[in-house]
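Okay, thanks everyone for coming. I'll put the structure up and then talk through the parts I found worth a look.

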Amino acid sequence: MLLGLLGGNVAKLIKLPKVTGYLLTGLLIGPSVMQLISADVVSSLSLLNDLALGLIMFSIGGVFEIHHIRAIGKKVLWLTIGQSIGAIVFTSLALRLVGIDWYPAILLGSIGIATAPAATILVIREFQAKGEFTDTLLTVVATSNIICILTFQLVYAFGNLGSTENIFVVFLRPIYELGGSLIIGFAVGFIISKWEQHVHDQAELLMIILAGVMLVSGLAHSLNLQPLFATLIMGAVTTNLSLMHRLVYIELRQIEQPLYIAFFVLAGASLHIELLPALGLAGICFFIFRVFGKMLGIVIVAKWLKLEDSIKKYLGMSMVVQAGVAIGLVDLINRDNPELGNIITPIILATVLLYETIGPPIIKYTLFKTNEAVESDT
């Protein structure tokens, strides 16, 4: 935490987002460079990661206010579909052209849909970005991860057609994961919304939210569901049913910053710099064409719907950063099919290092270009 705080302040001095400083600090002190913290230590602190990521998704869920979604829902839906199709089509075709078989190429394309919500929201908060572009970015980032999980599971199920006996179970997995996550997130969010109406102490309110996030995340992990989606739904339900939802987010700000710093330092320590030399032509194609596909998809939809120029110019490049969801899907492949994992893992882990490094500064650039950010003094 202390080193991360120092790294964040150094990054600010050279006009980079603090989250970049946190990540690079973790990379520097982690197993790949100085080895001040080992891979076992990083793994043993997974609970801290789960809590921080749960709070981030809970906060993003706050964007899904009903009146707000009614206003931008159609736009967000088509933008999400456009960038998702662009990512999977261009990434898959490029990988196939350099010799990757169709199945792993399409799997990699589906993973390419995911965008990291954690880095996105921290950059937005650091520079106090507000406005239609910022809201659209957050909402598309959240929904793109849902589309990513669903698309990946369907592609993965199709690839297992010849080797899986219980094929109906395979195809029902996405429904189970997203449906179960929806139920858990909604139930806990509903209970919290009712409970807080009888709470007058802010410390107790904060404890209820933290406990709720931990409960949802823990249940999702235990039942093999999607904790990110579950905590997102919890945040959306709390926002729409709570009488004090704005106070809830103000209270969370009191404790979340140290957690976020630790989360990104640990995320940086988990990056694999040793994989960069082995990135290869396939990794370079994934790195380039995933971003190109997202940007082209956004441009086509923006022109079709006659959206504002800021969306057309800057939304696609704002979705470069990638991390947690992609790594989680790679872990699933490695557990089920190590041979397939040997193809996919080096590409994803090496490009995540690059995306996490360049992504936050790009988000900062787009927020200032759209005039929705202000320079931070803290």
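I'll go through a few helices, the core, the cysteines and some single residues.

One thing up front: this is a predicted model. So please hear every value with that in mind.

Let's start with α16, residues 338–369. It has 32 residues, and at 1.5 Å a residue that should give a span of 46 Å. The end C-alpha atoms are 44 Å apart, which agrees. There is a bend in it, though. Where does α16 bend? At Ile344, by about 35°, and there's a proline, Pro346, that follows within four residues.

Staying on α16, have a look at Lys364, which is found in that helix. Is this lysine buried or exposed? Its relative accessibility is 11%, so Lys364 counts as buried, the cut-off being under 20%. As for what surrounds Lys364, leaving out residues up to four places away in sequence, it touches Lys15, Leu16, Pro17, Val123, Phe127 and Glu375. So that list has another lysine, Lys15, and a glutamate, Glu375, alongside residues such as Leu16 and Phe127.

Just after α16 you come to Asn371, which takes a positive phi of about 60°. Most residues other than glycine have a negative phi. Asn371 is not a glycine, yet has the positive value anyway. At 71% relative accessibility, Asn371 counts as exposed.

There's another residue of this kind, Gln35. Its phi is near 60°, again positive in a residue other than glycine. Where is Gln35 found? In the loop between α2 (18–29) and α3 (39–44). Gln35 is exposed too, with a relative accessible area of 58%.

Now the core. In soluble globular proteins, nonpolar side chains tend to be buried together. Here the largest nonpolar core has 115 residues, and those with the most contacts inside it are Ile111, Phe264, Ile344 and Ile348. The helix that gives the most to this core is α8, with eleven residues. You'll remember Ile344 as the place where α16 bends. And Phe264, not counting residues up to four places away in sequence, touches Val19, Tyr22, Leu23, Ala118, Ala119 and Leu122.

Let me go back to α8, residues 132–159, since Thr136 sits there. Thr136 has 0% relative accessibility, so it counts as buried. What does its side chain reach? The backbone oxygen of Glu132, at 2.7 Å. Setting aside neighbours within four places in sequence, Thr136 is in contact with Lys75, Leu79, Ile311 and Leu315.

On to the cysteines, and a quick result: a search of the whole structure finds zero disulfides. Take Cys148, which is in no disulfide; the nearest cysteine sulfur is that of Cys285, 20 Å away. From the other side, the closest cysteine sulfur to that of Cys285 is in Cys148, and 20 Å is too far for a bond. Are these two buried or exposed? Cys148, at 0% relative accessibility, counts as buried, and Cys285, at 9%, counts as buried as well.

A word on α11, residues 227–241. Its 15 residues reach 21 Å from first C-alpha to last, close to the 21 Å expected at 1.5 Å a residue. How many of its residues are buried? The helix is mostly covered, with 13 of its 15 residues buried.

Last, two residues with a distance each. Glu65 is in the loop between α4 (46–61) and α5 (66–97). With a relative accessible area of 15%, Glu65 is buried. Pro174 is 109 residues from Glu65 along the chain, and their C-alpha atoms are separated by 25 Å. The other one is Gln257, found in α12, residues 245–269. Gln257 is partly exposed, with a relative accessible area of 38%. From Gln257 to Asp201 is 56 residues in sequence and 22 Å in space, C-alpha to C-alpha.

If you want to follow up on screen, I'd pull up Ile344 first, with the α16 bend of about 35°, and then Lys364, buried in that helix at 11% relative accessibility. That's what I had, so over to you for comments.

Conventions. Residues numbered from 1 in each chain as written. Predicted model: local features only at pLDDT ≥ 70, side-chain atom pairs only at ≥ 80, totals over all residues. Heavy atoms only, no water. Helix = DSSP H or I, 4+ residues; strand = E, 2+ residues; numbered from the N terminus. Expected span 1.5 Å × (residues − 1). Bend = angle between axes of the 7 residues up to and from the residue. Buried < 20%, exposed > 50% of the residue type's maximum accessible area, 1.4 Å probe, protein only. Polar contact = N/O pair within 3.5 Å; in protein donor to acceptor, adjacent residues only side chain to side chain. Contact = heavy atoms within 4.5 Å. Disulfide = S-S within 2.5 Å. Core = buried A, V, L, I, M, F, W, Y, C linked by side-chain atoms within 4.5 Å.
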